[in-house]
Amino acid sequence: MASPTAQPPLRFVTQTRNGLELFGCQPAGAVEKVREISEASGSSFVVFSPCGSLVACADKSDSAVLLLRCSDGSVVHQLPSAKATSAAFSPRSTTVVTWRRDTRADFDEPNMAVFATASGALLASFVQKRWPALFWSPDEALCLRAMSSSIYVVDGRNLLQNPPQSMLEERVSGLSVSLGSPPCVAVLTTSKQGKPGSVRIYELGQLHQEPKLAQDITRVDSADLLWNRQGTTLLVHSKTDVDTTGRSYYGNSSLFLLDLPSKQVWHVKMGQGERVHDVVWSPVGTEFVAVYGEMPGNKATLFSQHGEVVFQFPTAARNTVSWSPDGRLLLIAGFGNLNGEMNVWNREKLSSRGNQGRIGQMGDSSVTSFSWSPDSRSILTSVCAPRMQVDNRAVLWKHNGTVLHKADYDALFLAEFAPVPAQRFQPRDYSPTPMGHSTVTIGAKAATKAPVYRSAYSNSSISDAIKSYKSSSTSSFVGRTAACGS
């Protein structure tokens, strides 16, 4: 009999005052510390490569950026990039970009550098005011650079190409590159001086041509630009800072779908004035989930890629939604100011009969970040500084609600799984909730009645904070929004 295919090793990292801690996680849930990495103490960023084999962080002297192996924590390269404040990898992990914030108005020394991950060689350096700055196509054949008042595309293997292949002379507020073929880029311009904002989609190498699809938005101060996996449909979560109707002190939001094959735009219908707290595509790319409405009984709805309602989850106080990497499980939670209740749903088991598809229920109060395991079978939650100065901890949960590992810290700054492509794992049946199992709640005592009302803005801030953290520290800029700030 042939032996079953070996599963790739799972690794997660925590960051404390003493540096990084690298942990191994066995399929059965056993956790062991692989290594402590004191050389990385004090780093303002910890970024994984998309392939999951490398992690980038600043060294403790802040004089260089370290490239470490995720397998054992050993140093691969020490890159000469002093006082770096951010880093990112290209989609295929062949290059790493480091950036140092410089607030001087007239600085002229390069503050952004691009290195080859294989050799550690410097490939290019630039004076760059905006971050993030470089956006590769999935195959790295093309690279878009965002400047203060323009964006342009060059050969992905020759970042110094002059003149560029294509250019758009306009200041944009956000960008997102699709995973499709050919790759496209969505460009956001916000409302200004009474003029409407817009979202336009261009083929990545054809910025000088007319957009493939465009949508004006009467009022928009910011937006999340979310591509589905196929790169055929863009989900736009537009936001305003002020609600002119007076219904809310904290602005409003709406959802649009821009579909390239049909050249159609759909407005996703929700209740009037119901603010969106979180929205995310399924990794499969044919449906998405939005959490919206007023606390404490807001809504979570599964929509088709055309904005049609597929399933309505029970109402509850929550502000966060996340799919497992394989797209089979769904986490819906109330983090931040809410009581930390988490529910795990099996997409294949959803039905009109209430909670039939729910396979896990647990609670962890004051959670500031979370991370799915690459094999989609566990969730790592954490309470981190500086958002929370007390009760810092990391908890590893099995999908059915049982606790696999818990560690308390005087100060914890990060806890996150290293990525591994989901297709490297064999599908397995999910474990049922153990007989007689009662819901485990860590931290503050679970609420026995409906929580006190807080504004939609304050309760969705944790979702925004988690997305902001992942946006600033995630490995690659492909397929997600990057706000182009100065």
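Two cavities of 30 Å³ or more turn up when the whole structure, a predicted model, is searched. The largest cavity holds about 50 Å³ of space. Its lining is made up of Val13, Leu20, Leu22, Ile37, Val55, Leu68, Arg69, Cys70 and Gly73. Two elements, β2 (19–25) and β6 (65–69), each give two or more residues to this lining. By residue class, the lining of the largest cavity has seven nonpolar residues, one polar residue and one charged residue.

Pockets are open, unlike cavities. The second largest pocket has a volume of about 460 Å³. It is lined by 23 residues, and those closest to its centre are Asn252, Ser253, Ser254, His267 and Gly273. The elements with two or more residues in the lining of this pocket are β21 (233–240) and β22 (252–259). Of the elements, β22 gives the most, with five residues. The lining of the second largest pocket divides into 12 polar, six nonpolar and five charged residues.

Strands β21 and β22 also belong to a sheet. This open sheet has four strands in the order β20-β21-β22-β23, with antiparallel pairing. Why do β20 and β23 each have one side without a neighbour in the sheet? β20 (222–227) and β23 (264–267) stand at the edges and each has a single partner strand, so one side of each remains unpaired in the sheet. From one strand to the next, the twist averages 20°. At the β20 edge, six bridges join β20 to β21 in the antiparallel sense. Within that part of the sheet, serine 222 stands opposite lysine 239 of β21.

A further antiparallel pair is the hairpin of β8 and β9. In a regular strand, side chains alternate between the two faces of the sheet. Are the faces of strand β8 (residues 86–89) covered or uncovered? Both are covered: Ser86 and Ala88 are buried on one side, and Ala87 and Phe89 are buried on the other. For these residues, buried means a relative accessible area under 20%. Strand β9 (residues 95–99) runs antiparallel to β8, and four bridges join the two. One of the residues of β8, serine 86, has tryptophan 99 in β9 as its bridge partner. Five residues lie between the strands of this hairpin, in which serine 93 takes a positive phi near 65°.

The last topic is charge pairing. Side chains of opposite charge can pair when their charged atoms come close. The whole structure contains 10 salt bridges. One of them joins aspartate 155 to arginine 157, with 3.8 Å between the closest N and O atoms. The cut-off for a salt bridge is 4 Å, so a pair at this separation still counts. Aspartate 155 is partly exposed, at a relative accessible area of 21%, and arginine 157 is exposed, at 65% relative accessibility.

A second salt bridge is formed by the side chains of arginine 200 and glutamate 170, at 2.6 Å from N to O. Arginine 200 lies in strand β18 (residues 197–203), while glutamate 170 lies in the loop between β15 (166–168) and β16 (174–177), so this pair ties together parts that are 30 residues apart in sequence. Arginine 200 counts as buried, at 13% relative accessibility. Its partner, glutamate 170, is partly exposed, with a relative accessible area of 24%.

What parts does the salt bridge of aspartate 364 and arginine 393 tie together? The closest N and O atoms of this pair are 2.7 Å apart. Aspartate 364 is in strand β31 (residues 358–364) and arginine 393 is in strand β34 (residues 392–398), so the salt bridge ties together parts that are 29 residues apart in sequence. Aspartate 364 is buried, at 0% relative accessibility. Arginine 393 is also buried, with a relative accessible area of 6%.

Salt bridges can also involve a set of residues. Glu21, Lys33 and Glu36 are linked in a network of salt bridges.

Notes. Residues numbered from 1 in each chain as written. Predicted model: local features only at pLDDT ≥ 70, side-chain atom pairs only at ≥ 80, totals over all residues. Heavy atoms only, no water. 1 Å grid on protein atoms, 1.4 Å probe; cavity = no way out; pocket = protein on both sides within 12 Å on 5 of 7 lines; lining within 4 Å. Points joined across faces, edges and corners; volume = space filled by probe spheres on them. Nonpolar A, V, L, I, M, F, W, Y, C, P; charged D, E, K, R; others polar. Pairing = 2+ DSSP bridges. Axes fitted to C-alpha atoms, helices over the stretch in contact; angles between N-to-C directions. Buried < 20%, exposed > 50% of the residue type's maximum accessible area, 1.4 Å probe, protein only.
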